[in-house]
Amino acid sequence: MDVYISANAFWALLISAVEVYKKECYGLLLGYRDSSDIYIVEHAISYQTAQRRHTSVEKNRRAARRIQKFLDKIPHLSPIGDFHSHTGWGDL
């Protein structure tokens with residue numbers, strides 16, 4: 001399996017992690033899988049209401065349902081995964 005990340009998605013992932021550092025970030029990866037089992041990540045959307053900690057992160061389930069309901073109405077943008085960061089903290 002290969003994964004290609006668009007420049008826009010890469011920058012969104014990076015900014016998401018930098019914004020909340022030293023806590024973890026969390027979000028959705030939007031894109032598609034082509035016929036040769038290659039994943040194309042076009043967008044990365046950060047969960048703004050995630051419960052962030054130094055060593056873990058948990059999405060807001062109510063907000064996640066709202067986002068999913070919205071994305072269901074946009075058929076050309078499909079969630080293909082999620083992301084979170086692992087930040088340095090203390091002796092880690």
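# A nonpolar patch and the fold around it

Helix H1 gives the nonpolar patch its largest share, five residues. That patch belongs to a predicted model, and it covers about 850 Å² of surface. Its members are Met-1, Val-3, Ile-5, Phe-10, Trp-11, Leu-14, Ile-15 and Val-18. Two elements each supply at least two of the patch residues: strand S1, residues 2-5, and helix H1, residues 7-20.

Take Leu-14 as one member. Leu-14 sits in helix H1. Its relative accessible area is 35%, so Leu-14 is partly exposed. Patch residues need over 30% relative accessible area. Leu-14, at 35%, therefore passes that cut-off.

Helix H1 also carries Ser-16. Is Ser-16 buried or exposed? Ser-16 is buried, because its relative accessible area is 3% and the buried class ends at 20%. Which residues does Ser-16 touch, leaving out those up to four places away in sequence? They are Cys-25, Ser-46 and Phe-83.

Now the whole chain. The protein has two helices and six strands. Read from the N terminus, the order is β-α-β-β-β-β-α-β. Along the principal axes, the C-alpha atoms fill a box of roughly 45 × 30 × 20 Å. There are 92 residues, and 32% of them count as buried. Consider the contacts between residues at least 6 apart in sequence: 67% of these join residues at least 24 apart. The exposed area is about 6500 Å². Carbon and sulfur atoms supply 54% of that area.

The second helix, H2, spans residues 61-72 and holds Ala-63. Ala-63 has 7% relative accessibility, so Ala-63 counts as buried. Ala-63 and Lys-22 are 41 residues apart along the chain. Their C-alpha atoms are separated by 23 Å.

Lys-22 leads to a backbone feature. Lys-22 is found in the loop between H1 and strand S2, residues 26-33. What is the form of the peptide bond from Tyr-21 to Lys-22? The bond is cis, with omega near 20°. Most peptide bonds are trans.

A second backbone feature is at Asp-37. Asp-37 lies in the loop between S2 and strand S3, residues 38-46. Phi of Asp-37 is near 65°, a positive value in a residue other than glycine. Most residues other than glycine have a negative phi.

Asp-37 also takes part in a side-chain pairing. Which residue does the side chain of Asp-37 meet in a salt bridge? The partner is Arg-33, at 3.8 Å from N to O. The cut-off for such a pair is 4 Å. How many salt bridges are counted by this rule? The count is one.

How accessible are the two partners? Arg-33 is exposed, because its relative accessible area is 53% and the exposed class begins over 50%. Asp-37 has 35% relative accessibility, so Asp-37 counts as partly exposed.

Charge closes the tour. The protein has 12 positive and 10 negative charges. The mean positions of the two sets are 13 Å apart.

Definitions and conventions: Residues are numbered from 1 along each chain as its sequence is written. This is a predicted model: local features need pLDDT of at least 70, side-chain atom pairs count only at pLDDT 80 or more; totals for chains, interfaces and linings use all residues. Side-chain values use heavy atoms; hydrogens and water are left out. Patches are made of residues with over 30% relative accessible area and no salt bridge: like charges are joined within 9 Å, nonpolar side chains (Val, Leu, Ile, Met, Phe, Trp, Tyr) within 5 Å. Accessible areas come from the Shrake-Rupley method with a 1.4 Å probe; for residues, only the protein chains shown count as cover. Helices (H or I, at least four residues) and strands (E, at least two) are DSSP runs, numbered from the N terminus. Buried means under 20% relative accessible area, exposed over 50%, partly exposed in between (1.4 Å probe, protein chains only). Contact means heavy atoms within 4.5 Å. Lys and Arg count as positive and Asp and Glu as negative; His and the chain ends are not counted. The place of a charge is taken as NZ of Lys, CZ of Arg, CG of Asp or CD of Glu.
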